[in-house]
Number of protein chains: 2
Amino acid sequence: MNRFLSHATNRIDSKGRVSVPSMFRSVLARSAVEELYVWQDFVFPAVSMAGPEVLERFERMIGSQDPFSLEANKMSLLIHGGGVFMKLDGEGRLLVTDFIRDFTGITDKVTFAGRGDHFQLWEPAAFEDMQSQARKDRTASS
Amino acid sequence: MNRFLSHATNRIDSKGRVSVPSMFRSVLARSAVEELYVWQDFVFPAVSMAGPEVLERFERMIGSQDPFSLEANKMSLLIHGGGVFMKLDGEGRLLVTDFIRDFTGITDKVTFAGRGDHFQLWEPAAFEDMQSQARKDRTASS
DNA sequence: CATCTTCCCATTGACGCCCATATTAGCCCA
DNA sequence: TGGGCTAATATGGGCGTCAATGGGAAGATG
């Protein structure tokens, strides 16, 4: 499978590390991704992860605008200032830095959620809430 | 990686120095940058830093315009009058001068923000505000 | 001579790399 | 079909190295 699907919750250890679910790691391995582009999501209180090609897609969006415009600068503030490259350790874990904690509210557990071409890190309760709310909205509107 | 990404906040010491995040220093080292071109940003209350090639790029922009035009003169006022060269000390720190403080409002802490081909120094609260505003704009428009 | 820089060294804590244990899932075979 | 046997995943921790920070003292500036 070449998509990020499903979700799982893992514990953060005493050194602040957490294992990326093997399901997701195998998708990354398939496209030979070494460094992950990680960004603070534009919509949800979650950080998103994907291969570097996503950053390049974002940069092409900016590149088509006037570089001195407020719009282009604000967008760069999000995708560059709100993004970082990370790598996993030998065991497929990543360090949950303040960059991630401050934005998501994650403390001791992480919910990994597949999003097709990328996956996200959520504070577990926040994920539950948002998912059940999304379900409710759907039901109400249809 | 060869881009300036992510953001981090460091403290200014009693001598007015602050460490440039190692992440940024390694990008600079990669292109063997010794002296940094520093300018007061055109859209945000932040100072921007990059290698000298950025100044050269700005100067080419001016060079392609009519030297008697108001536009070209205003541009020079910003990139020359609003810019300086700085270097880092042996430990990768820079001195936070009044040139930087007056324009940014920085007092005791600095938020470094990656912007792709350069990085910026912000007053921490100002950065938070501007970034969350940018995020709000995006959500509203989509 | 007083102040501001620059260069050097010390300390503390965080991070990267490596190896150990455990818990689970899958598999083989009698 | 039940009982292990094996492999892979999740998790825990040691230890060396590097980053961030603090401060002394020499050198430059006016």
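Mentor: A residue is near a strand if one of its heavy atoms lies within 4 Å of it. The model discussed here is predicted.

Trainee: Of the atoms of DNA strand D within 4 Å of the protein, what percentage belong to sugar or phosphate?

Mentor: The atoms of DNA strand D within 4 Å of the protein divide into those of bases and those of sugar or phosphate. Bases hold what is left once the sugar or phosphate share is taken, and that share is 35%.

Trainee: How many charged residues does the surface near DNA strand D have?

Mentor: In total, 24 residues surround the strand, with A:K15, A:R17, A:R93, B:K15 and B:R17 the closest. Lys and Arg count as charged. On this surface four residues are nonpolar, six are polar, and the charged ones number 14.

Trainee: Which residue has a polar side-chain atom 2.9 Å from a base oxygen of DNA strand D?

Mentor: Two contacts to phosphate oxygens use backbone atoms instead: A:S22 at 3.4 Å and B:R11 at 3.4 Å. The elements giving two or more residues to the surface near the strand are β1, β2 and α1 of chain A and β1, β2 and α1 of chain B. The side-chain contact to a base oxygen at 2.9 Å belongs to A:R93.

Trainee: Why do the buried residues of α1(B) line one face of the helix, and within what arc do they fall?

Mentor: The buried residues of this helix, which spans residues 22-30, are B:F24, B:V27 and B:L28. An α-helix has 3.6 residues a turn, so residues three or four places apart point the same way. Seen down the axis of α1(B), the buried residues line one face because they fall within an arc of 100 degrees.

Trainee: Which strands do the buried residues of α1(B) pack against?

Mentor: On the other side of the helix, B:S22, B:A29 and B:R30 are exposed. The buried residues have partners within chain B, namely β3 (36-40), β7 (109-114) and β8 (119-122).

Trainee: Is B:A32 buried or exposed, and what is its relative accessible area?

Mentor: B:A32 follows α1(B) and sits in the loop between α1 and β3 of chain B. Its phi is positive, near 55 degrees, in a residue other than glycine. Exposed means over 50% relative accessible area. B:A32 is therefore exposed, at 60%.

Trainee: Is B:S6 buried or exposed, and at what relative accessibility?

Mentor: B:S6 belongs to the segment before β1 of chain B. Its phi is also positive, near 75 degrees. The limit for buried is under 20%, so B:S6 counts as buried, at 4%.

Conventions:
Residues are numbered from 1 along each chain as its sequence is written. Chains are lettered from A and ligands numbered from 1 in the order in which they are written. This is a predicted model: local features need pLDDT of at least 70, side-chain atom pairs count only at pLDDT 80 or more; totals for chains, interfaces and linings use all residues. Side-chain values use heavy atoms; hydrogens and water are left out. Buried means under 20% relative accessible area, exposed over 50%, partly exposed in between (1.4 Å probe, protein chains only). Helices (H or I, at least four residues) and strands (E, at least two) are DSSP runs, numbered from the N terminus. The arc is that of the directions from the helix axis to the C-beta atoms. Contact means heavy atoms within 4.5 Å. A polar contact is a pair of N or O atoms within 3.5 Å; within protein, one must be able to donate a hydrogen and the other to accept it, and residues adjacent in sequence count only if both atoms are side-chain atoms.
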